[in-house]
Each structure stands twice: as structure tokens, then as C-alpha cells.
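This report describes one helix and the nonpolar core around it. The sequence and structure come first.

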Amino acid sequence: MMKSTLVALLLFASTALAADTPRVYIEATETVDGGNSKDKAKQVDFGSAIAAALVKKEVPVVVLTDAAKAQWTIRSVSSQKEDSTGTKVAKLAFGGFGGGFTKFEGTIQVIDNESSAVLFAYNVKKGNFQSAAEAFAKHLKDDYLSKRK
């Protein structure tokens with residue numbers, strides 16, 4: 001009897017915790033090539049990188065694949081630009097990489113689906129899309145969700 005009561009209590013507690021956890025849907029986005037090179041940045045799905053970063057950084061949200069069941073939607077716009085061969089050679093010749101050869105920029109919004117209010121917005125410039133997504137996840141967790149309680 002004690003064991004079944006404990007299991008029931010744990011299930012109730014985890015269900016109650018999940019009820020307080022925001023359910024988010026991440027819109028799939030295609031990264032634009034800032035250098036106007038044909039099809040170079042199209043392999044980057046920044047939305048998938050954001051989902052992975054939310055899990056990696058243990059952000060207390062539940063990522064859904066059904067937009068209709070989500071409380072929040074995460075939208076992003078991103079671009080990536082790779083230095084030209086001449087710029088790469090110049091950076092190497094004059095003392096290093098200068099922060100690498102690729103520049104990734106992204107703007108991310110967390111939108112409340114019921115009111116359409118922007119709850120959190122973040123602009124990021126990093127060397128690659130993974131670092132940018134992880135920076136967003138960290139700031140969503142630390143700057144917005146931790147203060148929301």
C-alpha cells in the first residue's frame with residue numbers, strides 16, 4: 001500500500017510540474033546566406049538547432065511538434081556569411097582567424113499563442129548556428145524563465 005501511494009504521489013507531482021512547464025512549438029526556418037552565394041547556407045535549419053539547444057541547456061520547456069497544442073511559438077530569422085577566400089588568406093597572413101571565417105546572426109522571438117504578445121526576444125551574433133542557438137537557450141532560461149516564477 002505504501003509503495004503504490006508513493007508511486008501515485010510521484011506521478012501526481014510530475015504531472016503537476018509538467019502542467020506548469022510551457023509547451024513550445026519551434027517554427028522551421030531556413031538560414032539565409034548573407035554572402036549571396038547560391039544555396040550555401042540552406043543546410044542550416046536554425047529551428048532544429050534551437051530545439052537541440054533547449055534540451056542541452058535543460059531549459060524548462062516542453063518542445064512539441066504540433067503547433068496547435070503549444071502555448072508559445074518560437075520564431076527565428078537567421079543568416080550566415082562565410083568569408084571569401086581572399087579574406088580568409090588575409091586573416092591568416094595577419095595574425096590569426098579574427099574570430100573564425102563564418103559569421104552567423106539570428107533574431108529569435110518567443111510568442112504567446114493566446115495573446116500574440118512577444119514574451120522574449122533575443123538577437124545573437126556568433127561564429128556558427130549551434131553557438132547562437134545555445135546562447136538563446138541560456139538567455140531564455142536565465143533571463144526570462146527564471147524570473148517568471
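In this predicted model, helix α4 has a kink of about 30 degrees, centred on Lys-141. The helix covers residues 129-148, and its 20 residues should span 28 Å at 1.5 Å a residue; the end C-alpha atoms lie 27 Å apart, which agrees. At the start of α4, the backbone nitrogen of Gln-130 has a side-chain oxygen of Asn-128 within 3.1 Å.

The buried residues of α4 are Ala-132, Ala-133, Glu-134, Ala-135, Phe-136, Ala-137, Leu-140, Tyr-144 and Leu-145. They pack against the four elements tabulated here.

| Element packed against by buried residues of α4 | Residues |
|---|---|
| α2 | 46-56 |
| β4 | 72-82 |
| β5 | 102-112 |
| β6 | 118-126 |

The largest nonpolar core has 25 residues, and those with the most contacts inside it include Phe-46, Ile-50, Ile-108, Phe-136 and Leu-140. At least two residues of this core come from each of β1 (23-26), α2, β4, β5, β6 and α4. Helix α4 supplies the largest share, 8 residues. Leaving out residues up to four places away in sequence, Ile-50 touches Ile-26, Ile-74, Ser-76, Ile-108, Ala-133 and Phe-136.

Strand β6 contains Phe-120. This residue counts as buried because its relative accessibility is 11%, below the 20% cut-off. Beyond its neighbours within four places in sequence, Phe-120 is in contact with Ile-108, Gln-109, Val-110, Phe-136, His-139, Leu-140, Asp-143 and Tyr-144. Phe-120 and Gln-109 are 11 residues apart in sequence, with their C-alpha atoms 5.8 Å apart.

Methods:
Residues are numbered from 1 along each chain as its sequence is written. This is a predicted model: local features need pLDDT of at least 70, side-chain atom pairs count only at pLDDT 80 or more; totals for chains, interfaces and linings use all residues. Side-chain values use heavy atoms; hydrogens and water are left out. The expected span of a helix is 1.5 Å times one less than its number of residues. The bend at a residue is the angle between axes fitted to the seven residues ending there and the seven starting there. Buried means under 20% relative accessible area, exposed over 50%, partly exposed in between (1.4 Å probe, protein chains only). Contact means heavy atoms within 4.5 Å. A polar contact is a pair of N or O atoms within 3.5 Å; within protein, one must be able to donate a hydrogen and the other to accept it, and residues adjacent in sequence count only if both atoms are side-chain atoms. A nonpolar core is a set of buried Ala, Val, Leu, Ile, Met, Phe, Trp, Tyr and Cys residues joined through side-chain atoms within 4.5 Å.
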